[in-house]
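Reader: I am new to this structure and would like to learn how to read its features one at a time. Could you begin with a sheet and then move on to helices and loops?

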Amino acid sequence: MKQKNWAVEGYHTVAWLVAFIKKYLNIDVDSSLFLFVNQSFSPSPDHTLSSLHQCFTTSDKLVIHYSTTNAWG
Amino acid sequence: MDDYEIRRNIWEGKIPVEFDFDTREFTSIRSPQSYFAMLPRISYFPLCLSKALKFLSINVDEDIDVKDVWLEYNGQILKWHYPIGLLYDMYVADGTLPWVINVRSQNYPNELVHPSKDTMRHIFLQAVKEADQLKHKGQVISSMTKDEHNRLFDSVANNKFDDFWSVNKRLMYDETNKISYVPIRFYEPGSPFKQVLISPSNEDDSPCILESAIRKALPTIDFSSYTVISQGINVPLNTSVIWMARNLSYPDNFIHILLRKS
């Protein structure tokens, strides 16, 4: 991903973010995309980004890794 | 701190469900058009549907693709990855039983996760990992084997309390790792859940109680207009959250709290 840093509205959910990244990377809607927080778990699709940020931020940024395979599962 | 009886009763809690097959979509269904089942509150619908689907396949002439089947109550889509008890507490405000659930086969909602056992296993274990990330910075779950992780899920799927707790006790009671934050989610029907960092103790070392935890997530809440429910129980607001974490959590290691407008 060229642009690594984004500022996103907190009310968006993980499901929204997955759709956004798929569109940005031209990944087929029906393909798998896994998101990971702190390289340790995949958040529920219903998690809002603000909840994730509140709970798992490191130096004010929420760091999310993405993969088409279940890399940290 | 360990209330075995409570944990056992929570595990064994069941909800009588009537699966009502939508006659507009299952046009050839013969009588009876319903299938009754007692479902564990702590389980998930995709893990409990095989008998209902078998009943369906016997009683209809048309070919049903199981992948098209989804569940609805009162116009609400029942999410596959939410525990059955949480969904009941969320959507059945008047507490009617049996819970009459509408079984659909058309217009499968896009937002539903895939109800396969593998997907349920993945989602369940990720929730357990997230809970341990909050409790122990993930140190306990990552010290467990993949086999132990699978035992957590399989024991829920097979309804085996002792198998579950033989592994889960390490996530609940770890002597070397004090609990940093209590995994807890607050639900209001129609909104995404809220989750914030809740320490088990206050600054003066007194145990954090449910009321303070709710206030942290919803600072402007007016308690007089809400009922606070978890596991089908009206939980007193002065209940210690660490006690709730150990005794009222769902198998995914989260306390799921329903805030219902009275």
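Author: Let us begin with the sheet, keeping in mind that this is a predicted model. Chain B holds an open sheet of four strands in the order E6-E9-E7-E8, and the pairing in that sheet is mixed.

Reader: Which are the edge strands of this sheet?

Author: An edge strand pairs on one side only, and in chain B this describes strand E6, residues 184-187, and strand E8, residues 233-234.

Reader: In what sense do strands E7 and E9 of chain B pair, and over how many bridges?

Author: Strand E7 (residues 226-230) and strand E9 (residues 255-261) of chain B are paired in the antiparallel sense, over four bridges. For a single position to look at, take B:Ile229, whose bridge partner in E9(B) is B:Leu258.

Reader: Which helices pack on the sheet?

Author: Helix H3 of chain B, residues 84-91, touches E6, E7 and E9 of chain B, and its direction makes about 10 degrees with that of E9(B). Helix H8 of chain B, residues 210-217, also packs on the sheet with contacts to E6, E7 and E9 of chain B, and its direction makes about 65 degrees with that of E6(B).

Reader: How should I read the crossing of helices H6 and H7 of chain B?

Author: Look at the distance and the angle together: the axes of H6 (residues 146-157) and H7 (residues 161-172) of chain B come within 8 Å and cross at roughly 130 degrees. H6(B) and H7(B) are therefore oblique to each other, and the crossing in which H6(B) passes H7(B) is left-handed.

Reader: Which residues meet there, and how do they divide by character?

Author: On the H6(B) side they are B:Glu148, B:Arg151, B:Leu152, B:Ser155 and B:Val156, while the residues that they meet in H7(B) include B:Phe164, B:Val167 and B:Leu171. The residues of this contact between H6(B) and H7(B) divide into five nonpolar, three polar and four charged.

Reader: Where is there a cis peptide bond?

Author: The place to look is between B:Leu97 and B:Pro98, which a cis peptide bond joins with omega at about -5 degrees. B:Pro98 lies in the loop between H3 and strand E5 (99-104) of chain B.

Reader: Which residue has a positive phi although it is not a glycine?

Author: That residue is A:Asn38, with a phi of about 55 degrees, and A:Asn38 is found in the loop between strand E1 (34-37) and helix H2 (49-56) of chain A.

Note on methods
Residues numbered from 1 in each chain as written. Chains lettered and ligands numbered in written order. Predicted model: local features only at pLDDT ≥ 70, side-chain atom pairs only at ≥ 80, totals over all residues. Heavy atoms only, no water. Pairing = 2+ DSSP bridges. Helix = DSSP H or I, 4+ residues; strand = E, 2+ residues; numbered from the N terminus. Contact = heavy atoms within 4.5 Å. Axes fitted to C-alpha atoms, helices over the stretch in contact; angles between N-to-C directions. Parallel < 35°, antiparallel > 145°, perpendicular 65-115°, else oblique. Left-handed = near helix turned anticlockwise from the far one by under 90°. Nonpolar A, V, L, I, M, F, W, Y, C, P; charged D, E, K, R; others polar.
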